[in-house]
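Please work through the following exercises with the sequence and the structure at hand. Each task is followed by a worked solution.

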There are 8 protein chains.
Amino acid sequence: MNTEQLKHLLESVRLGDVPVEQAVESLRHLPFQDIGCARVDHHRELRQGMPEVIFGEGKKDEQIIDIMTAMAQNGSNVLVTRVDREKAQRIQRTFFGALYHEDARCLTLEQGPAATKGKGVILVVSAGTADLPVAAEALVTARFLGNETEHIYDVGVAGIHRLLALRTELVAASVIIVVAGMEGALPSVVGGLVDRPVIAVPTSIGYGAAFGGIAALLGMLNSCAAGVTVVNIDNGFGAASAASLINRM
Amino acid sequence: MNTEQLKHLLESVRLGDVPVEQAVESLRHLPFQDIGCARVDHHRELRQGMPEVIFGEGKKDEQIIDIMTAMAQNGSNVLVTRVDREKAQRIQRTFFGALYHEDARCLTLEQGPAATKGKGVILVVSAGTADLPVAAEALVTARFLGNETEHIYDVGVAGIHRLLALRTELVAASVIIVVAGMEGALPSVVGGLVDRPVIAVPTSIGYGAAFGGIAALLGMLNSCAAGVTVVNIDNGFGAASAASLINRM
Amino acid sequence: MNTEQLKHLLESVRLGDVPVEQAVESLRHLPFQDIGCARVDHHRELRQGMPEVIFGEGKKDEQIIDIMTAMAQNGSNVLVTRVDREKAQRIQRTFFGALYHEDARCLTLEQGPAATKGKGVILVVSAGTADLPVAAEALVTARFLGNETEHIYDVGVAGIHRLLALRTELVAASVIIVVAGMEGALPSVVGGLVDRPVIAVPTSIGYGAAFGGIAALLGMLNSCAAGVTVVNIDNGFGAASAASLINRM
Amino acid sequence: MNTEQLKHLLESVRLGDVPVEQAVESLRHLPFQDIGCARVDHHRELRQGMPEVIFGEGKKDEQIIDIMTAMAQNGSNVLVTRVDREKAQRIQRTFFGALYHEDARCLTLEQGPAATKGKGVILVVSAGTADLPVAAEALVTARFLGNETEHIYDVGVAGIHRLLALRTELVAASVIIVVAGMEGALPSVVGGLVDRPVIAVPTSIGYGAAFGGIAALLGMLNSCAAGVTVVNIDNGFGAASAASLINRM
Amino acid sequence: MNTEQLKHLLESVRLGDVPVEQAVESLRHLPFQDIGCARVDHHRELRQGMPEVIFGEGKKDEQIIDIMTAMAQNGSNVLVTRVDREKAQRIQRTFFGALYHEDARCLTLEQGPAATKGKGVILVVSAGTADLPVAAEALVTARFLGNETEHIYDVGVAGIHRLLALRTELVAASVIIVVAGMEGALPSVVGGLVDRPVIAVPTSIGYGAAFGGIAALLGMLNSCAAGVTVVNIDNGFGAASAASLINRM
Amino acid sequence: MNTEQLKHLLESVRLGDVPVEQAVESLRHLPFQDIGCARVDHHRELRQGMPEVIFGEGKKDEQIIDIMTAMAQNGSNVLVTRVDREKAQRIQRTFFGALYHEDARCLTLEQGPAATKGKGVILVVSAGTADLPVAAEALVTARFLGNETEHIYDVGVAGIHRLLALRTELVAASVIIVVAGMEGALPSVVGGLVDRPVIAVPTSIGYGAAFGGIAALLGMLNSCAAGVTVVNIDNGFGAASAASLINRM
Amino acid sequence: MNTEQLKHLLESVRLGDVPVEQAVESLRHLPFQDIGCARVDHHRELRQGMPEVIFGEGKKDEQIIDIMTAMAQNGSNVLVTRVDREKAQRIQRTFFGALYHEDARCLTLEQGPAATKGKGVILVVSAGTADLPVAAEALVTARFLGNETEHIYDVGVAGIHRLLALRTELVAASVIIVVAGMEGALPSVVGGLVDRPVIAVPTSIGYGAAFGGIAALLGMLNSCAAGVTVVNIDNGFGAASAASLINRM
Amino acid sequence: MNTEQLKHLLESVRLGDVPVEQAVESLRHLPFQDIGCARVDHHRELRQGMPEVIFGEGKKDEQIIDIMTAMAQNGSNVLVTRVDREKAQRIQRTFFGALYHEDARCLTLEQGPAATKGKGVILVVSAGTADLPVAAEALVTARFLGNETEHIYDVGVAGIHRLLALRTELVAASVIIVVAGMEGALPSVVGGLVDRPVIAVPTSIGYGAAFGGIAALLGMLNSCAAGVTVVNIDNGFGAASAASLINRM
């Protein structure tokens with residue numbers, strides 16, 4: 001249901017063409033669909049400019065398939081995050097066109113181009129080899145949401161010359177997502193080099209006092225570079241969603 | 001020093017007009033200025049599109065005045081955050097033109113309009129009366145950086161109709177900063193209503209298990225609304241800096 | 001042993017019909033039964049209005065069976081929580097009439113109707129698909145304790161219209177249990193819409209800074225909606241027990 | 001605005017007596033009132049059965065007075081929590097009829113009896129002398145919301161006979177609020193003795209590993225007595241609000 | 001080497017019968033034995049009144065066997081804690097006389113009676129069925145160190161009458177070890193009933209906000225009963241060692 | 001009320017000399033005394049072998065005086081802990097005989113010798129100069145409870161020879177209380193040198209990652225020396241209470 | 001590229017022999033090599049005096065092999081840490097000359113002697129048998145980096161005489177690495193005995209309140225012995241790297 | 001007492017010139033001096049190569065003066081850390097020659113040159129203006145211990161060019177102490193640029209999620225630059241002590 005349809009319905013109420021009760025029902029039931037285990041939010045694309053995305057972790061095969069079915073029938077493209085290879089393969093038996101992105105642990109089902117196109121390039125910068133899966137989730141999500149992307153990898157701050165050599169690429173980006181574990185210092189350095197919004201993603205990479213990403217998270221929240229914002233640990237998807245909204249402006 | 005000046009200098013080295021040593025000196029000393037207690041980063045405006053901002057907490061009067069002097073002489077506008085009324089008044093004796101913003105605990109010295117103008121409106125939404133100082137810091141910063149701002153206050157999620165009544169204002173904004181303490185649930189609700197980037201600022205408001213803002217911070221990092229990013233507790237300045245970079249796109 | 005029996009015993013002591021030592025023994029040994037590995041508290045139903053419930057986690061098959069036997073022989077209905085399917089099946093070989101509730105991971109053995117009936121409806125509201133098991137534990141427990149129940153699912157705060165559409169159901173409930181992970185914001189919103197007691201159950205759903213339910217727990221403890229109380233992470237059973245006591249008033 | 005008034009307005013829209021825009025305005029502006037620093041939620045009494053309560057901490061004198069004025073003019077009774085004696089005295093200069101409760105650090109302004117009366121007695125049980133202020137906040141709030149109250153004090157678990165001697169009082173209550181610091185064990189013992197809802201309030205009393213109430217909070221969340229729910233540290237007000245909703249059933 | 005031998009050696013140095021260097025060597029090498037992976041502390045029994053005990057977790061089979069061999073050859077009794085059944089069986093192939101205590105996950109090799117006998121009874125009180133393994137470790141250790149023991153189980157504070165019925169047993173003990181998980185309230189209640197030292201052992205039993213025993217640990221450290229001391233989470237061995245030293249006085 | 005009096009009362013009930021109701025009253029009201037703000041536990045001396053001790057922190061002057069009066073009239077000796085000099089002086093105006101121990105921040109009122117005498121010497125060992133106040137609280141308490149005491153100070157583990165030089169004193173003690181802040185390593189070293197119970201008291205001394213005593217607390221809980229038990233941070237009183245119970249055996 | 005080569009290049013720019021663009025390229029691309037998944041930092045040996053080391057955890061076989069290949073072709077020796085036996089064996093199929101160190105979980109490929117030789121002996125002191133793997137990682141790393149090493153094991157502080165007997169070895173070392181879990185007290189004692197830099201490595205050994213090494217980490221950070229510095233939990237590699245830099249001075 | 005004197009004493013024992021008891025006394029009492037509140041460790045200079053340093057926080061004036069007196073009479077130089085201006089002035093009334101270093105909050109009393117001279121320069125690098133006091137403590141301590149020092153300030157990672165411009169100074173140092181608050185990223189960057197030992201000092205500078213230095217501490221412990229070791233939060237003294245030991249090698 002889009003804005004025009006909504007206006008029309010309300011006018012009909014005013015004219016008496018549609019009784020109050022009926023209008024109430026339309027408005028109550030249309031924007032989401034109760035499929036037994038979930039209420040699929042078809043309204044989200046209208047409200048938020050991007051379709052609902054399925055968080056795969058902790059959901060059973062059937063639950064994911066039911067939600068995908070409801071969305072696909074509504075014409076939406078579908079992105080499922082946090083699915084391992086086995087679960088993905090079982091789902092692909094129902095949705096032949098679905099594509100599995102192994103590094104990113106994501107499944108996409110695209111029935112058409114993304115509704116909105118991003119204006120510039122979303123650049124993902126990742127610190128170490130072990131941060132690659134989170135970077136991959138960000139890249140898959142950003143592309144799914146209609147953006148061009150670039151990727152710079154393995155540029156930790158202990159070899160700062162590797163990053164400085166890529167300044168041109170940094171400056172050319174529209175939004176930058178920085179993915180780093182351990183001490184999470186990379187966003188501060190990147191943020192100090194560019195005049196673009198930087199979204200920092202702490203990863204759970206590290207050991208001991210890394211505490212599963214807390215060290216990196218705290219480092220990023222305390223970044224001395226203005227203009228850096230942070231998302232949850234390992235949340236490549238969330239960073240790409242935010243970057244995508246920014247890239248449309 | 002701007003990009004043109006830089007190119008010129010390097011050309012001169014190539015032509016032999018400027019010896020290597022001298023060029024090194026220029027490049028070494030120009031971008032920042034050593035004033036005894038600090039190295040003022042005049043370069044930042046070039047690199048990041050906004051002037052260095054002085055974090056007032058833990059700095060002595062003389063230190064702040066020295067840094068302000070160096071910046072003012074360079075023609076920059078100056079923003080000092082986290083200064084209490086007494087310290088501000090002592091500084092104003094040196095800088096008559098400086099303006100103190102009591103709610104925001106900020107001091108501004110503006111010698112001209114902001115270098116860059118934001119395109120849309122930065123909307124600050126705050127949850128409770130006690131969150132107002134952090135919201136004020138965000139508002140002062142956003143205006144200092146050349147943006148138009150709006151403010152919606154006292155719209156906590158326990159009276160959700162207050163927020164829903166202001167949907168038009170929400171949708172009209174370019175970027176939204178949401179300031180909330182206690183359980184920090186407001187960004188999730190706002191993020192679900194709009195298609196704009198939402199920057200969440202947890203505040204240290206609350207008691208007991210609020211743990212000085214940790215509850216709100218965790219709530220925001222775990223927001224189920226895609227497109228929400230987070231800054232440090234009480235960091236109204238950081239949120240406005242990020243919003244400002246976004247608002248220029 | 002009920003209140004009447006107690007009075008009678010004490011009168012007998014006064015009349016000298018029962019010697020002091022014997023009375024002491026009766027009072028010492030009746031209210032619970034030592035079965036070697038546990039002391040079954042037959043007294044609890046008298047004192048608390050509900051039978052002892054067996055927490056299955058960390059107990060061996062034989063231990064559970066011994067306790068169930070002691071309770072069943074005493075005529076009590078039996079509820080075992082936190083049992084996985086395999087353990088349940090092994091126990092069902094001894095208790096043919098026991099019913100396993102897979103989603104809730106609960107086993108019930110009902111020999112008669114619940115001793116007390118609840119007056120109104122206990123409504124369980126859950127935020128995401130992954131919160132369903134905890135919601136199921138609450139539902140099974142509430143029914144076992146003699147209450148009518150309803151369930152609203154998948155109404156997270158990032159799509160607030162889904163919840164608002166179900167206001168009638170919310171208002172009709174007697175007590176509301178709200179089950180949510182991640183930022184745990186749902187109880188605040190629900191609590192602001194109704195004039196009924198709301199019991200919040202944080203779940204361990206989420207990742208990264210969700211810290212196994214801590215983010216949701218803190219969010220709920222800091223709820224800005226008055227009238228919200230909280231139980232332990234994933235404690236669907238505890239929420240239903242409390243709701244049940246309330247629903248009898 | 002009450003339920004009847006709402007129905008009437010909607011009928012008028014249907015009949016064309018009130019244009020859509022005007023109805024929207026009424027519904028948008030009536031339920032709360034923008035007083036410059038806050039949006040007073042006059043609607044809350046309708047929705048939640050109790051008036052909005054002012055959390056005094058971190059609010060300036062004028063802010064509290066402005067909110068009190070708006071509420072008083074609307075005919076509401078007013079409760080302000082967390083106000084110290086000095087602030088209270090300054091406010092009392094504007095509201096002569098306001099009463100300060102020193103132990104509870106609360107200010108009440110009562111223009112008539114509470115809208116709703118509780119059915120039974122709300123019993124507050126507190127563990128140590130130092131827990132008295134939190135107990136007092138609960139007692140003042142419960143009375144303000146129209147309930148009869150009783151208080152049992154200084155019955156810590158290390159002298160369990162003191163509590164057992166008061167069993168009659170425990171059993172006679174409708175709802176029990178248990179206030180305790182240090183190890184927070186009291187709610188478990190009380191919860192095991194009665195068949196009434198128990199609301200546990202951890203206090204920040206203690207030192208060292210009490211961590212400002214965390215030990216007591218964790219103890220209560222892990223209570224082995226079913227039917228115990230918990231509120232935030234030192235939150236006597238929240239416990240009494242929840243108890244009050246329960247006591248009306 | 002015992003006290004007498006030591007005196008003799010030093011006298012010999014004074015008389016010149018033993019050169020300084022040789023004496024140094026004796027004193028350097030006797031009290032412990034380097035077996036390649038460990039330095040077995042034969043001196044401990046002299047110094048501390050009890051033999052070194054082998055903490056089995058994280059040690060390989062051969063390492064345990066080597067240490068046991070060194071101790072056995074020295075005539076010591078041997079206790080190995082934290083060994084699972086499989087590891088124990090492999091070790092028993094070398095030490096036929098070693099006895100495995102399954103509940104306690106301990107292995108004992110006793111070549112004679114304990115060097116010292118305890119004077120009274122060490123009573124172990126455990127809260128729930130799931131706390132039994134930790135209680136068992138305490139019982140096995142206490143017996144190994146020459147003490148008589150008793151065990152009271154399943155007496156959680158939510159059914160306080162079960163504990164009160166066993167007051168005679170409590171009062172008869174010399175030292176009491178209280179083992180409890182969840183909220184860890186039992187030691188406070190026991191400590192308030194007796195005039196004996198109470199050693200509290202928090203267990204990792206519980207879920208959610210039990211945080212693997214932290215809730216119980218904090219509860220016990222904050223016990224309002226004077227005379228309660230605490231050991232590490234699940235440390236039945238440590239509690240029994242301390243109790244044993246006390247029981248010899 | 002002592003054990004003899006209790007037996008007599010119960011015999012009287014059996015003989016009909018005392019009606020049931022009257023006996024119940026005696027037993028209910030005697031063991032503690034309701035003085036308006038507290039229930040003084042006169043029973044504790046019987047049950048626990050030591051009088052109730054007043055924790056002064058957070059109590060008002062009048063509250064302390066009321067409790068002291070009730071105890072003094074009952075013939076008990078009185079110990080008040082955690083009182084600063086000013087509060088102590090105000091209390092001494094009512095109790096001329098009360099003695100203030102400045103280092104320990106304790107007030108004692110002794111009307112006769114302690115009921116029970118300890119058998120051996122309680123030795124308090126403290127690590128640094130800044131740990132002295134906690135050591136002093138332990139010393140005052142231990143003496144108040146009828147024990148002989150000794151004190152060894154300033155023997156931190158970084159100068160281990162200072163401790164080794166005092167081995168004779170260590171070995172001569174009956175029970176040892178070890179008070180240490182920072183890394184809290186002292187109890188492990190002491191525990192390894194003696195065959196006596198060691199009670200470790202972490203202090204809040206230190207800075208940064210000492211976290212107000214958490215580092216020392218964790219160090220002590222993880223002590224590799226068997227026979228070490230721990231009390232709350234800065235809890236000199238608790239350590240002395242436990243030591244006192246042990247010293248009577 | 002070494003320092004001489006760099007000077008030469010810059011001279012050539014000054015003389016016009018090398019155009020600016022070409023020089024920029026040389027400097028940009030030489031110091032590291034992009035191999036698709038990583039940027040191998042060949043420059044590190046020049047800058048830091050030791051080759052880049054591969055952290056094996058979380059890296060796939062191919063990734064490790066690719067990086068090893070790039071480094072080996074460059075003539076570097078290669079150290080891979082945190083590789084389990086299976087992964088090591090798969091890698092050894094490509095690099096026949098690679099040596100697996102099982103205890104240390106390290107793989108080394110040495111094509112020549114270490115570039116730099118350490119001057120003195122690096123001594124590794126470890127507390128318990130379970131700390132051996134971390135000690136082994138430190139030993140392998142120290143040797144790989146060109147140092148002589150010694151190892152003292154099983155000298156926990158609860159048997160302090162074992163350590164004191166080895167004073168000669170302690171004093172003879174150039175740098176001392178102390179590896180300890182549980183309460184982490186060993187570095188303080190060692191640090192107090194020597195006049196050499198001590199690097200403390202907390203290990204994740206322990207249980208309960210050891211919290212995976214946090215107790216040891218905090219203990220070491222709060223060490224009362226001056227001259228002790230700390231690395232991350234289980235970070236034997238880091239300690240040896242630091243020790244190696246010190247040992248060259 | 002130095003090494004020669006020790007040898008002489010032992011020889012005398014062997015020759016019978018000094019009886020055993022007397023030798024024991026000499027060895028027992030010489031190395032430290034009991035001054036009533038402390039045991040001054042005159043031995044430390046022999047053992048550790050630097051005199052005992054007085055940690056001023058939490059010590060009373062008289063205690064500091066007593067310790068200083070004992071040390072001064074022994075001919076030692078004296079350093080007192082963590083003394084505020086007022087306390088320092090009161091102490092200076094006794095020790096006219098003592099010098100107060102305001103920024104560092106240190107008091108020094110130097111009676112001669114430091115016993116040992118450092119070989120190279122200890123460089124202190126600090127991130128922000130607010131980190132200066134901790135840097136100052138490190139500088140004062142390093143100089144007191146006989147080292148030459150340099151200081152680079154205000155070179156945070158968000159303006160990385162400021163640091164890169166000072167590479168020459170970095171490379172020239174013998175040991176580098178890096179002082180930083182907030183995200184604590186500076187040691188990683190510095191560590192990656194040099195081949196010298198880097199000692200990282202986290203400061204308590206920052207707010208919100210800086211948690212009083214925890215964020216910086218974790219960042220530094222997780223540094224991806226090999227060769228970085230860490231000391232406690234704000235522990236400038238400890239860093240300089242370690243650096244000093246290294247600088248003598």
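The exercises below treat two chain interfaces and one helix packing.

This is a predicted model, in which local features need pLDDT of at least 70 and side-chain atom pairs count only at pLDDT 80 or more, while totals for chains, interfaces and linings use all residues. Residues are numbered from 1 along each chain as its sequence is written, chains are lettered from A in the order in which they are written, and side-chain values use heavy atoms, without hydrogens and water.

**Exercise 1.** Characterise the interface of chain B and chain A.

*Solution.*
Step 1, extent: 31 residues of chain B contact 31 residues of chain A, where contact means heavy atoms within 4.5 Å. The buried area is about 2,600 Å², with 60% given by carbon and sulfur atoms; buried area is the accessible area (1.4 Å probe) that two parts lose on being put together, summed over both.
Step 2, polar terms: the rule finds 0 salt bridges between chain B and chain A, a salt bridge being a side-chain nitrogen of Lys or Arg within 4 Å of a carboxyl oxygen of Asp or Glu. There are 4 residue pairs in polar contact, both residues at pLDDT 80 or more (a pair of N or O atoms within 3.5 Å; within protein, one must be able to donate a hydrogen and the other to accept it, and residues adjacent in sequence count only if both atoms are side-chain atoms).
Step 3, composition: the side of chain B that touches chain A has 17 nonpolar, 11 polar and 3 charged residues.

**Exercise 2.** Describe how α6 and α11 of chain A pack.

*Solution.*
Step 1, geometry: the axes of α6(A) (residues 132–144) and α11(A) (residues 236–247) come within 7 Å and cross at roughly 35 degrees. Axes are lines fitted to C-alpha atoms, for helices over the stretch in contact, with angles from 0 to 180 degrees between N-to-C directions.
Step 2, residues: α6(A) contributes Val134(A), Glu137(A), Ala138(A), Thr141(A) and Ala142(A), and α11(A) contributes Gly236(A), Phe237(A), Ala240(A) and Ser241(A).
Step 3, classes: these contact residues comprise 5 nonpolar, 3 polar and 1 charged.

**Exercise 3.** Which salt bridge partner in chain H does Arg162(F) have?

*Solution.*
Step 1, setting: 20 residues of chain F contact 25 residues of chain H, and the area buried between these chains is about 1,800 Å², of which carbon and sulfur atoms give 53%.
Step 2, pair: the count between chain F and chain H is 2 salt bridges. Arg162(F) pairs with Glu52(H) in a salt bridge, and their closest N and O atoms are 3.8 Å apart.

Notes:
Ala, Val, Leu, Ile, Met, Phe, Trp, Tyr, Cys and Pro count as nonpolar, Asp, Glu, Lys and Arg as charged, and the others, Gly among them, as polar. Helices (H or I, at least four residues) and strands (E, at least two) are DSSP runs, numbered from the N terminus.
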